[in-house]
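User: I am new to reading protein models and would like to go through this one step by step. Could you show it first, and then take my questions in turn?

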Amino acid sequence: MEEKLHIDWLSVVLYILIVLFGAINIYSANSGVEEVLKLDFSKEYGKQVLFIGISAIIVFLILLTDYKFFNFSAYGIYIVVIGLLLILLATGSFNKGAQAWFKIGSFKLQPSEFAKYATALALSKYLGGFDIKFEGRRNILSTFGIILIPMLLTLLQNDTGSALVFGCFILVLFREGLSGWWLILGVYMVTVFVVTILLPSIQIIIALLLICGVFVYFNRVRKQLVFLALTVFLASTFYILSLDFVFAKIMKPHQQQRILVTLNQDVDEYYAKKSKGFSIFKFEKSKEKDKSESKRDYSYNVRQSKISIGAGRWVGNGFNNGTQTKAKLVPEQHTDFIFCTVGEEYGFLGSTLFLLIYLLLIGRVYYLAERQKNVFSRVFGYSTASILFFHFFVNIGMALGILPVIGIPLPFMSYGGSSLISFSMLLFTFLKLDANRINEISRLN
Amino acid sequence: MEKSSRLFVFIGVLVFIGIVFICRLFYLQIIDTSNYYKAQAYGSNDITIYPDRGTIVDRFGKLMVYNDAVYDLMVVPQKAKDFDKVALCKELMLDTSEFNKRLKKASKYNPREASVIFKNLPFHLYTRLQEIIYQYPAFYIETKIDRRYNINGAAHLLGYMGEVTEKQLALDKYYKPGDIKGVTGLEKSYEIYLRGKKGKKVVLVDKFSKQQGSFAGGKFDSLPSAGQNIISAIDLDLQVFAEQLLANKIGSIVAIEPATGEVLSIVNSPNYDPNLLVGQRRNKNFASLLLDPSKPLFNRALKAPYPPGSTFKTVQALIGLQEGVLTPDTKYPCHGGYHMGSITVGCHAHGSPLDLKNSITKSCNAYYCFVYRSILDNPRYGSVQIAYSKWAKYLNSFGIGINTGIDLPEESGGIVKKPSWFEHEFGKNWRSSNVVSMSIGQGQIGLTPLQMANTAAIIANRGYYYTPHVVRSIGDHHFVPPSFKQRHYTMINPIYFDTVIAGMANVCSPGGTAGRTGISGITICGKTGTAQNPHGEDHSIFIAFAPRDNPKIAICVIVENGGFGADYAAPIANLMIERYLAKDRSVASQKPEMLSRMLKANLTGKPTTIKDSVIVVKPK
C-alpha cells in the first residue's frame with residue numbers, strides 16, 4: 001500500500017510565511033541605507049538565505065526518513081549531542097573561557113540549539129517507552145535527568161538564556177501528569193521573587209506572617225491546614241531570605257541589572273536603597289563599582305527596542321524604511337531583537353498580525369500534539385510547541401520591555417544557521433510523526 | 001482533570017500571552033507617543049546647510065567683507081585605532097606626543113563623537129590631506145565658513161558677528177542655538193539681507209551619530225540660498241586714509257555725499273581690526289577689547305555727543321535769519337568778548353563790529369551771544385521757554401536732538417534739553433542769560449559727529465538732507481530702500497544759506513580761523529570749532545563741505561583734546577576733501593608738510609588702532 005504524505009499543510013504554510021518574513025526583516029536590519037536590493041552571501045541576510053536553503057534540504061530529508069528512525073535513534077542523537085557539549089566544555093577549559101560553538105569555516109555550529117531537539121527526542125522516547133508512566137520516584141528522576149543534563153552543560157557554557165529554555169519541558173511534564181500545583185508553585189515563586197526585589201524583605205515576611213496568622217486563627221480546629229499554613233510561611237521566609245542572598249551576593253551585576261531594568265527600577269536608586277538597610281544582605285562594594293557601565297548597556301538595549309517599536313505607530317514605516325532599523329540603533333537587531341524591525345516597519349497592525357500568525361502556529365502544534373495516538377509523538381509534539389512557545393514568550397516579552405533581557409532567538413525569524421536549522425528539524429520531525437499518525441491508524445485497522 | 005483536556009490550559013495560556021503582548025504593543029505604538037518622538041530625534045538628524053553670507057563691497061566695488069572656508073581636521077577617537085600615526089603626524093608637521101595629547105583630550109571629551117584635532121588647516125595641508133584622508137577612516141575634514149574683512153579698520157562700521165542670544169532665539173525662528181548673526185554695525189543692520197536662506201538635509205544617523213545616508217531619499221531636503229551682497233556707500237580708499245589721519249588721536253570723522261546722504265567714510269579712533277573678532281580667537285580678543293581702557297569698541301561717530309563749539313554758529317545764524325531777528329547786515333560789537341552783567345563770554349582779537357558773514361569767518365563769540373539772546377528773547381513768543389522750544393524744533397529739523405535714522409545700530413540723538421530741564425536747573429523764571437553759552441555750542445548741547453557732518457551736508461544742500469546711509473544698494477537687483485531717497489527739509493528758507501556759506505567759504509582763506517589749511521583750487525566751506533570740555537585740552541572740531549557750488553562732500557572731523565579747530569580737525573578735513581575730490585588719488589597732496597604732520601601727530605602716546613599686524617601706511 002502506498003504511503004501518502006498526510007502532512008499538516010497549515011503548519012507548513014505558517015512556517016514558510018514566518019521564515020520568509022524573517023529573512024525580509026534581517027535584510028532590513030542588516031543592509032545599508034542606500035544599498036541596492038541584491039543577494040550578497042557575505043552579508044548576514046545573504047547567509048540567512050543560505051541557511052533557509054540548507055533547512056529546506058534537511059526538511060526534505062526528514063520527510064523522506066521513515067518515522068520509526070526518530071524513535072529508534074532518539075537516544076543515539078541525545079548521546080551524540082551531549083558528547084558535543086562535553087567536548088565544547090573540555091576545549092573551553094583549555095581556551096580562554098567557555099565557548100558555545102564549533103567553528104566550521106566561517107560558520108559557527110551551536111550544539112546547544114540542537115540539544116533542545118535531542119532532549120525532546122530522548123524525553124519522548126523515555127516517556128513513550130513501553131510501560132513507563134510519569135509516576136514513581138525512579139521514573140521521575142530519570143525524566144528530570146534527561147532534561148537537567150543538557151541544561152546543566154549549557155549553563156556551564158555561560159549560556160544562561162539557552163539553559164532556561166530547558167525549563168519549558170516542565171510544561172510537557174504537566175501534560176504528562178505532573179500536578180498543576182507545581183505550576184502554581186512556580187508562579188507563586190516568581191511572584192514572591194519580584195516582590196522581594198521591589199520591597200524590603202522584612203515587610204514581606206511580616207505581611208506573610210499576618211496572612212498566615214489570620215488563616216490559622218480561622219482554621220485553628222483543622223490541624224492539617226494549620227500545619228500546611230505554617231509550612232508555607234516558613235518555606236516562604238526561607239525562600240525570601242535566600243532570594244535576597246542570591247540576588248545580593250551571587251548574581252552578577254549585569255544579571256541584577258537586567259532584572260531591575262525589566263522591573264522599571266532605577267538601578268542607582270535601587271543600590272542606594274539597598275545599601276541603607278533595605279535588604280538584609282549588603283550589596284558588595286565591588287559589585288556596585290562597575291554597575292554604571294553595564295546598567296547603561298542593558299537599559300540601552302531595552303530603551304532602544306521600545307523606541308524602535310514605538311516608532312512604528314499604526315502601520316509602520318514600511319519595508320526597509322525603519323529609521324531606527326536603518327540607523328542600526330538597536331543592538332543585536334537581526335538576531336535577538338528582530339521583532340523591533342517588525343514593530344517599526346509594519347506598525348501595530350503588522351505586528352499584531354505577525355503575533356497572531358505565530359501564536360496560531362504554536363497553537364496548531366499543541367493541537368496536533370494532542371491528537372497523537374502514541375506517547376512518543378505526543379510528548380515530542382508538546383516539546384516542540386513548548387520550546388517554540390518559550391522562545392516566543394521570552395523573546396517578544398524582552399523586545400516589548402516586559403521581561404528581562406535574555407538572549408535567546410525568535411525561532412524561524414532571528415538570524416542564525418544553527419537556530420533556524422534546529423527549529424526546522426524540530427517542527428518537521430514532529431510534522432513527519434504527525435503525518436504518520438494517519439498511516440499508523442490505517443495500519444492498526 | 002483529564003490529561004487530554006490540559007490542552008485547553010495550553011491554548012488558554014497562548015491566548016492570554018497573545019492578549020498581553022498585543023496590549024503592550026498598543027501601549028508602545030499608539031498610546032505612548034514619546035517613543036515615536038524619541039525615534040524622530042534619534043534616527044534622523046536635520047543638518048542645516050548654511051548659506052553663504054552676503055559680501056560687502058565699497059562704492060567702487062572693492063571687496064570689504066567676504067567669506068572664507070576654514071578647514072578643520074576632525075577625529076572620532078573611538079575609531080582612531082590601527083592607523084599610521086607617524087605618517088599622519090609627518091603630514092600635519094605635528095609632534096607625535098602633541099598629537100597623542102590632542103587625541104586623548106578628544107577621547108576624554110567624547111570618544112564616540114567627532115572632535116577637532118587640527119584647527120584651521122593651512123590650504124596646502126588641506127589639499128594634501130584630501131588625497132590621503134581615505135587611509136584614515138577615523139579622520140575627516142570639516143569645512144566651516146568664516147567671515148573675513150579685507151580691511152584692518154572700519155570695525156565699527158562693519159560690525160562683528162556673534163552667537164545668537166536666547167532672547168533673539170525666541171524672537172526670530174530663523175535662528176537655532178549656536179547660530180551666528182551680526183551683533184553690531186552693517187552685519188547687524190543688514191542681517192536679514194546678508195544671512196540668506198538656510199538649507200536642510202535630513203540624514204539618518206546611527207547610535208554613534210555617524211551619518212548613514214540620506215533620509216527618505218532626500219524628500220525633505222532643501223537647498224540653501226546665499227545671502228544678498230551689499231554695495232556700500234563707503235569709499236574704502238577714503239575710509240582707510242581717514243583712519244590713517246586719525247591714527248594715534250582720539251576722535252571721529254564722518255564724510256557724507258550731500259546730494260544723496262551716502263556716507264563716504266565713518267571713522268572712529270581708537271579703532272580695531274575687525275579680523276580680531278573672527279574665528280577661534282574671537283572670545284579672547286573680544287574680552288581684551290572690552291577691557292581696554294581706551295574703549296576701542298565705543299562708536300564715537302554715532303554715540304558720543306560732543307559740544308559742537310563754534311561750528312554751531314552756522315546753525316545759530318540760520319535760525320536767527322529765519323526768525324527775523326538777524327539780517328546779513330546786522331552788526332554786533334565785540335571787545336574781547338560778550339559782557340552782560342555778571343556774564344562774560346570771552347573772544348579772541350579781531351576787528352569790531354563784524355557783520356554776519358565775517359562773524360562766521362572770524363568766529364566771533366560775542367556776535368552769537370547777541371544772536372542767540374535775540375532769538376530767545378524774541379517778543380513774538382512772550383516767554384523764553386516758548387522761544388527755546390521753537391529753537392529746539394529748528395534743531396530737530398536739522399536732525400539734532402533726534403536720531404538721524406542712519407542705517408547702523410546704536411545711534412544716539414545727541415543732547416538738546418527740554419525747557420523743563422532749565423526750569424529745574426535755573427528756577428521757573430530762567431532767562432536767556434542762563435543759557436548764553438549755548439550760543440557758541442557749549443553747555444547743554446551735544447551733537448554726535450554724524451549730526452555735525454549732517455549739518456554740513458544740510459548747509460551744502462541749502463536746506464535739506466537725506467537720511468545718512470552707509471549702504472548704496474542691496475542685492476543683485478540693486479534694491480535701494482525708499483527711505484534713502486526721501487528729502488528732509490529744515491525749517492530754514494533756502495535763501496538764508498548764502499550769507500552763511502559765504503562766511504564759511506572764507507574760513508580756510510587767509511584771515512579765516514583756519515586760514516592756513518586751505519587747498520588751492522577747491523573752495524572749501526568750513527567752520528572751525530574749539531570745544532571746551534571737562535576732560536582737559538579743548539576738542540578740535542571742523543565741519544566743512546566742498547566745492548561751494550554743487551558740493552560733493554560734507555565732512556565733520558573731531559580730534560579730542562586736539563586744541564583749536566584749526567590745529568588738527570581743519571587740516572584733516574581739508575586733506576580728506578582734497579583726496580576725495582582728486583581725479584587721480586595717486587597724485588600727491590599739495591600740502592605734503594601738513595599731511596605728514598597730521599599722519600605723524602601722536603596725541604595719545606600709544607597706538608589707537610588695535611590690530612594683529614600693523615598695516616603699512618603710505619603717505620601720499
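User: For residues 285-296 of chain A, below which value does pLDDT stay?

Analyst: This is a predicted model, in which local features need pLDDT of at least 70 and side-chain atom pairs count only at pLDDT 80 or more, while totals for chains, interfaces and linings use all residues. Residues are numbered from 1 along each chain as its sequence is written, chains are lettered from A and ligands numbered from 1 in the order in which they are written, and side-chain values use heavy atoms, with hydrogens and water left out. The model has 18 contacts (heavy atoms within 4.5 Å) beyond four places in sequence for this stretch, but where pLDDT is low, the predicted coordinates should not be read in detail. On pLDDT, the predictor's confidence in each residue from 0 to 100, residues 285-296 of chain A stay under 50.

User: What is the average pLDDT of chain B?

Analyst: In chain B, pLDDT stays under 50 over residues 613-620, for which the model has 9 contacts beyond four places in sequence. Of the residues of chain B, 92% score at least 70, and the average pLDDT of the chain is 87.

User: Why do B:C334 and B:C364 form no disulfide?

Analyst: A disulfide is a pair of cysteine sulfur atoms within 2.5 Å, and the structure holds 0 of them over all chains. B:C334 is buried (under 20% relative accessible area, with exposed over 50% and partly exposed in between, for a 1.4 Å probe and protein chains only), at 5% relative accessibility. Its closest cysteine sulfur is that of B:C364, which is too far for a bond because the distance is 3.7 Å.

User: Are α8(A) and α10(A) parallel or oblique to each other?

Analyst: Helices are DSSP runs (H or I, at least four residues, while strands are E, at least two), numbered from the N terminus. The axes of α8 (residues 180-198) and α10 (residues 223-250) of chain A come within 10 Å and cross at roughly 55 degrees, where axes are lines fitted to C-alpha atoms, for helices over the stretch in contact, and angles run from 0 to 180 degrees between N-to-C directions. Angles under 35 degrees count as roughly parallel, over 145 as roughly antiparallel, 65 to 115 as roughly perpendicular and the rest as oblique. The two helices α8(A) and α10(A) are therefore oblique.

User: How many of the 11 residues of helix α13 of chain B are buried?

Analyst: Helix α13 of chain B covers residues 313-323 and is mostly covered, and the residue that follows α13(B) is B:G324, with a positive phi near 80 degrees. The buried residues include B:K313, B:V315 and B:L318, and the number buried is 10.
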